[in-house]
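Please open the model in your viewer and keep the sequence panel beside it, since this tour moves from one selection to the next.

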Amino acid sequence: ALCLQEERSSGINAEYGGSTRPVNPVAEQILNRYRTPGQAAPSTEDVQWRTYLRSVNEAALCLQEEIIANPVDGNIGLIFGIGHCPQRGGPFQFLDTYGAQSFVDKMHRYEEQLGFRFEPAEIVIDYAKSGKKFMH
């Protein structure tokens, strides 16, 4: 399981003062624009994976594009900067623990379903092929 907090019943339908607020009409327009007829809502676990994998992939892209100097900086930056789950040790520790190849495979499955947003970073593909670890 990912590092998760308990589920909350808030969002665009947040309960407010004992009653449910109506859906924001602008939000509803945006949702309708991207809604696919007949498509089931993703599971909570699926949403968690999709969100988490994208954050890890963005960290890998930062390393690939030399925005960060090394994986340690990426781990520290995400843990202290945006509250990345410290129990995971940061995104690069996660990649080493979960496995770069497992990450690439999962990203490719989402890429097939959801498009280019889930294209894995080239650096992770390279590490998966070579068996190299991000954390020495």
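Which residues does Phe94 touch, not counting residues up to four places away in sequence? Select Phe94 and display its surroundings: in this predicted model, the side chain and backbone of the residue are best viewed together with Trp49, Tyr52, Leu53, Val56, Arg88, Gly99 and Phe103, which are the residues that Phe94 touches once those up to four places away in sequence are set aside. Phe94 belongs to helix H4, and with a relative accessibility of 4% it counts as buried. If you draw a distance from its C-alpha to that of Val56, you should read 8.2 Å, although the two residues are 38 positions apart in sequence.

Next, extend the selection to the whole of helix H4, residues 91-98. Its buried residues are Pro91, Phe92, Phe94, Leu95 and Asp96, and the elements that cover them include H2, H3, H5 and H6. Just after the helix comes Gly99, which has a positive phi near 105° and is also one of the residues touched by Phe94.

Now step back along the chain to Gly90, which sits in the loop between H3 and H4. Is Gly90 buried or exposed? Its relative accessibility is 0%, so Gly90 counts as buried. Apart from neighbours within four places in sequence, Gly90 is in contact with Asn75, Ile79, His84 and Cys85. A further distance worth drawing runs from the C-alpha of Gly90 to that of Asp73, where 17 residues along the chain correspond to a separation of 9.6 Å.

Helix H2, residues 44-64, is the next selection. At 1.5 Å a residue its 21 residues should span 30 Å, and the C-alpha atoms at its two ends are indeed 30 Å apart, so expectation and model agree. Colour its buried residues, namely Asp46, Trp49, Tyr52, Leu53, Val56, Asn57, Ala59, Ala60 and Leu63. Looking down the axis, you will find that they cover an arc of only 155°, and therefore lie on the same side of H2. These buried residues pack against H3, helix H4, helix H5 (100-114) and helix H6 (122-130), and Trp49, Tyr52, Leu53 and Val56 have already appeared among the residues touched by Phe94.

While H2 is still displayed, show the side chains of Arg50 and Asp46, which meet in a salt bridge with 3.2 Å from N to O. A search of the whole structure finds one salt bridge. Why can these two side chains be looked for about one helical turn apart? Arg50 and Asp46 are four residues apart in helix H2, which means a separation of about one helical turn. In general, an α-helix has 3.6 residues a turn, so residues three or four places apart point the same way. The two partners fall into separate accessibility classes, as Arg50 counts as partly exposed at 23% relative accessibility, whereas Asp46 counts as buried at 18%, the cut-off for buried being under 20%.

Follow the chain beyond the end of H2 to Glu66, in the loop that leads to helix H3 (71-82). Check its backbone torsion here, because most residues other than glycine have a negative phi. The phi of Glu66 is positive, near 60°. With 70% relative accessibility, Glu66 counts as exposed.

For the next stop, switch to a surface representation and select Val26, Ile30 and Tyr34, which make a nonpolar surface patch of about 330 Å². Tyr34 is part of helix H1, residues 25-34, and its relative accessible area of 62% places it among the exposed residues.

Finally, return to a cartoon of the whole protein, in which six helices and two strands can be traced. Along the sequence they follow the pattern β-β-α-α-α-α-α-α. Of the 136 residues, 31% are buried, and the accessible surface comes to about 9,300 Å², with 51% of it belonging to carbon and sulfur atoms. Among contacts with a separation of 6 or more, 55% are between residues 24 or more positions apart, and the pair of Phe94 and Val56, 38 residues apart in sequence, is an example of residues that touch across such a separation.

Notes:
Residues numbered from 1 in each chain as written. Predicted model: local features only at pLDDT ≥ 70, side-chain atom pairs only at ≥ 80, totals over all residues. Heavy atoms only, no water. Buried < 20%, exposed > 50% of the residue type's maximum accessible area, 1.4 Å probe, protein only. Expected span 1.5 Å × (residues − 1). Arc of directions from axis to C-beta. Contact = heavy atoms within 4.5 Å. Patch = residues over 30% accessible without salt bridge, like charges linked within 9 Å, V, L, I, M, F, W, Y side chains within 5 Å. Areas by Shrake-Rupley, 256 points an atom, 1.4 Å probe, with all protein chains shown as cover. Salt bridge = Lys/Arg side-chain N within 4 Å of Asp/Glu carboxyl O.
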